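Grab a pencil and have a go at these exercises on a protein chain. Try each task yourself before you read the worked solution.

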Amino acid sequence: MVLFWTLFRKQDFMKQNLKVYGIRQIVEGGSPVLVEGMNHICDAVAVAKILNATLVLPHFDVNPVWKDSSSFADIFNVDHFLNTLGFEVNIVTKLPPEFEWSTREYYATGYRATRVKNAPVQASPEWYITNVLPLLRSSGVVAIAPFSHRLAFNDLPDEIQRLRCKVNFEALRFVPSIDNIGNILVERLRKSHAWTVEGDDVGSSKYLALHLRFDKDMAAHSACDFGGGKAERLALAKYRGVVWQGRVSNAQLSDKELRDKGKCPMSPEEVGIMLVALGFSPKTHVYLASYTVYGGSARMDFLHNLFPNMVTKYTLATAEELAPFAGKASQLAAIDYLVSLHSDIFLSASRGNMHNSLAAHRTYLNVRKTIKPDMNLMARLFAHKNLTWPEFRRSVVEGHKNRMGQVALRQPTQSIYTYPAPDCMCTSRRSIAEHSNLDMDLQEAR
């Protein structure tokens, strides 16, 4: 995601003023980067606080691939955003007329002395104060791009860390129309027939949300072999060349090397086998939170046969209910996010922005289980052709007993948007243990 910030100064303000423009980065065949955008908005608010700046609500350009014209106000509840942060950062909805010329288009047409291009990855607050604030004071307007991951997670004042948490987990709430359809889908799933995990009668109101993350982008970027033979390998290599111009380091490794390192996403078939090994029965109600699956419907047949009670928003809602969101990829992704957030168990087939954000949000809200697949373990088990089913199943269960949503403490350089404890939740190990209703071993916490 590319973010353009325009900072400006008015003579009648004692504060500097900040504008953030959000532009969705889209790769053909991929999915909307809703979560990445949420993280950048959190960082933008934090930098506004650091610079004592006024934040103008982000403007999203029309998505050239998905043709998604959703604005900030189409996705997020503006009133709630403003009310939640009103005592933290000064926020306005638009620039004053005298600064309306400060747009992404203006900075795209040539060299501009007021544009900052050298913000380092994981920049400190001191960097912004030293490099941006003087330019802002002297010029009145400053644009900052690129911005992705341009604010550090370490050595920040507690006030700034808590503000980022507040934006991410409290201020960024979806609009009522998205909330309503999400709640309707959750209610329908809750009214589904009973399902059980072997040995655990969990009643009639439980469901598992599954994010496969197995689209064409993921398959191509992984550079792994998914059993389609030479034709598939050549097609994915060509796609990699077009989309990433050869900048895919995994392509230099063999399929075996990639799988040994846990770099290959699990296919729908492998995810199904893993779920069965963990004890999920054919009665399990599964909500599939994925946009597209590489290989089409045929690739899903095996998983559907294992779990016939699998639904998506398209099968759970009526066409009329989803009509307001047609062609709005980010809003549809937000619906999946909500249904997954409130699921009894959430599993993403491989780590990514959606998995990280949902795992963190569920930890913050202290809700149920979030399964984090051990990709290295699963790769080794699937490669071991001589394992019996009891041996395979025992290994899967044993390997995931500490990957069921136990609270993991954030380590240096790790994101608070992935690991909210302790920064967003608690101040001591004891308080973390008291906060969690999970059977957790702090000695093994990250």
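**Exercise 1. Work out how helices H1 and H7 pack: what are the angle and the distance between their axes, and which residues make the contact?**

Step 1. Keep in mind that you're looking at a predicted model. Line up the two helices: they pack at about 140 degrees, and their axes are 9 Å apart.

Step 2. Now check the handedness. H1 passes H7 in a right-handed crossing.

Step 3. List who touches whom. H1 brings Asn 39, Cys 42, Asp 43, Val 45, Ala 46, Lys 49 and Ile 50, while H7 brings Glu 159, Ile 160, Leu 163, Arg 164, Val 167 and Asn 168.

Step 4. Sort those residues by class. You should get seven nonpolar, two polar and four charged residues in the contact of H1 with H7.

**Exercise 2. Take Arg 164 and Asp 43: how far apart are their closest N and O atoms, and is Arg 164 buried or exposed?**

Step 1. Find the closest N and O atoms of the pair. They're 2.8 Å apart, and the cut-off is 4 Å, so Arg 164 and Asp 43 form a salt bridge.

Step 2. Place the two residues along the chain. Arg 164 sits in helix H7 (residues 158-171) and Asp 43 in helix H1 (residues 34-50), with their positions 121 residues apart in sequence.

Step 3. Look at the accessibility. Buried means under 20%. Arg 164 has 0% relative accessibility, so Arg 164 counts as buried. Asp 43, at 4%, counts as buried too.

**Exercise 3. Explain what the salt bridge between Arg 190 and Asp 344 ties together, and say which residues form a network with salt bridges.**

Step 1. Start with the distance: the side chains of Arg 190 and Asp 344 meet at 2.5 Å, N to O.

Step 2. Ask where each partner lives. Arg 190 is in helix H8 (residues 176-190), and Asp 344 is in the loop between helix H16 (329-341) and strand E12, so the bridge ties together parts that are 154 residues apart in sequence.

Step 3. Compare the surroundings. Arg 190 is partly exposed at 21% relative accessible area, whereas Asp 344 is buried at 6%.

Step 4. Add the network. Arg 190, Lys 206 and Asp 344 are linked by salt bridges. Across the model, the salt-bridge count comes to 14.

**Exercise 4. Put the strands of the five-stranded open sheet in order and explain why strands E11 and E13 each have a side without a neighbour.**

Step 1. Read across the sheet. The order is E11-E10-E9-E12-E13, and the pairing is parallel.

Step 2. Look at the edges. E11 (310-311) and E13 (369-371) each have a single partner strand, so one side of each has no neighbour in the sheet.

Step 3. Recall what holds such strands together. Strands of a sheet pair through backbone hydrogen bonds, either parallel or antiparallel.

Step 4. Zoom in on one pair. Strand E9 (residues 208-211) and strand E12 (residues 345-348) are joined by four bridges. Leu 210 has Leu 347 in E12 as its bridge partner.

Step 5. See what covers these strands. Helix H12 (residues 268-277) lies across E9, E12 and E13, and runs at about 145 degrees to E12.

**Exercise 5. Finish with the whole chain: how many helices and strands does it have?**

Step 1. Count the elements: the chain has 20 helices and 13 strands.

Step 2. Check burial. Of its 446 residues, 54% count as buried.

Terms used
Residues numbered from 1 in each chain as written. Predicted model: local features only at pLDDT ≥ 70, side-chain atom pairs only at ≥ 80, totals over all residues. Heavy atoms only, no water. Pairing = 2+ DSSP bridges. Contact = heavy atoms within 4.5 Å. Axes fitted to C-alpha atoms, helices over the stretch in contact; angles between N-to-C directions. Buried < 20%, exposed > 50% of the residue type's maximum accessible area, 1.4 Å probe, protein only. Left-handed = near helix turned anticlockwise from the far one by under 90°. Nonpolar A, V, L, I, M, F, W, Y, C, P; charged D, E, K, R; others polar.
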